[in-house]
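Please walk me through this structure, starting with its charged side chains and ending with the chain as a whole.

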Amino acid sequence: LATAALAQETRHETVNAAPNPADDAKGLSANVPDVYAIPTEFARVLILRFKFDTDLLAGLEKMAKQQHIQNAVILAGAGSVRGYQVHQVSNRTFPSKNMFVKNPTAAADLIGMNGYIMDGKIHAHVTLANPEKAFGGHLEPGTTVFTFAIVTIGVLKDGADLSHLDDKSYR
């Protein structure tokens with residue numbers, strides 16, 4: 001039975017090149033701090049509940065639009081999925097590469113979710129577990145809810161500049 005479940009998993013790697021290839025070749029800039037803080041506060045906190053067979057990423061995108069969420073922190077997630085697709089970074093040099101792992105028929109517990117909504121765009125990471133292992137990565141379409149899923153989002157007050165948080169060329 002375990003062999004049949006593993007046979008459904010597929011993997012493929014893609015190069016995640018910058019739109020401008022020169023950005024992948026550039027070095028560190030003295031104008032970009034090693035670390036910086038973005039002061040902000042939560043305007044409100046939302047708890048989202050997803051039902052059976054709902055795509056998690058599509059549901060997050062729908063709620064971000066419906067709730068007029070520009071910037072937010074994904075604080076937590078719990079539940080279960082009946083299939084998944086995630087990606088992880090798979091190299092250490094630019095251009096970066098992503099390994100996409102997909103299994104549309106594998107059940108797993110959703111044991112954590114975190115990430116950000118930046119200018120309305122979802123950047124979510126999930127941690128999943130089955131009886132053999134815990135694993136995770138960047139949430140992709142095709143991660144569908146089994147029993148239920150709950151995701152907690154802290155919506156930020158207007159004015160927080162999150163523009164460089166997931167910009168790999170800002171270095």
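**Charged pairs and the fold around them**

R11 is exposed, with a relative accessible area of 54%. The model is a predicted one, and R11 is a convenient place to enter it. R11 forms a salt bridge with E9, and the closest N and O atoms of this pair are 3.2 Å apart.

A second pair is made by D24 and K168, whose closest N and O atoms lie 3.7 Å apart. D24 belongs to helix α2, which covers residues 21-25, while K168 sits in the segment after β8 (144-156), so this salt bridge ties together parts that are 144 residues apart in sequence. The two partners can also be described by their accessibility. D24 has a relative accessible area of 11% and is buried, because a value under 20% counts as buried. K168, at 28% relative accessibility, counts as partly exposed.

A third pair joins K157 and E41, with a distance of 2.9 Å from N to O. This pair, too, links distant parts of the chain: K157 is in the segment after β8, and E41 is in the loop between α2 and β2 (42-50), 116 residues apart. K157 is partly exposed, at 40% relative accessibility. E41 is also partly exposed, with a value of 49%. Elsewhere, salt bridges that share partners connect E9, R11 and K133 into one network.

In total, the structure holds six salt bridges. The protein chain carries 16 positive and 17 negative side chains. The centres of these two sets of charges lie 4 Å apart.

How many helices and strands does the protein chain contain? There are three helices and eight strands. Along the sequence they follow the pattern α-β-α-β-α-β-β-β-β-β-β, which places the helices among the early elements and ends with a run of strands.

The remaining values describe the chain as a whole. Its C-alpha atoms fill a box of roughly 55 × 40 × 20 Å, taken along the principal axes. Of the 171 residues in the protein chain, 38% are buried. The exposed area of the protein chain is about 10,200 Å², and carbon and sulfur atoms supply 56% of it.

Contacts between residues can be sorted by their separation in sequence. Among contacts that join residues at least 6 apart in the protein chain, 75% are between residues at least 24 apart. The salt bridge of D24 with K168, which spans 144 residues, ties together parts of the chain that are far along the sequence from each other.

Terms used:
Residues numbered from 1 in each chain as written. Predicted model: local features only at pLDDT ≥ 70, side-chain atom pairs only at ≥ 80, totals over all residues. Heavy atoms only, no water. Helix = DSSP H or I, 4+ residues; strand = E, 2+ residues; numbered from the N terminus. Buried < 20%, exposed > 50% of the residue type's maximum accessible area, 1.4 Å probe, protein only. Contact = heavy atoms within 4.5 Å. Areas by Shrake-Rupley, 256 points an atom, 1.4 Å probe, with all protein chains shown as cover. Lys, Arg positive; Asp, Glu negative; His and termini not counted. Charge placed at Lys NZ, Arg CZ, Asp CG, Glu CD. Salt bridge = Lys/Arg side-chain N within 4 Å of Asp/Glu carboxyl O.
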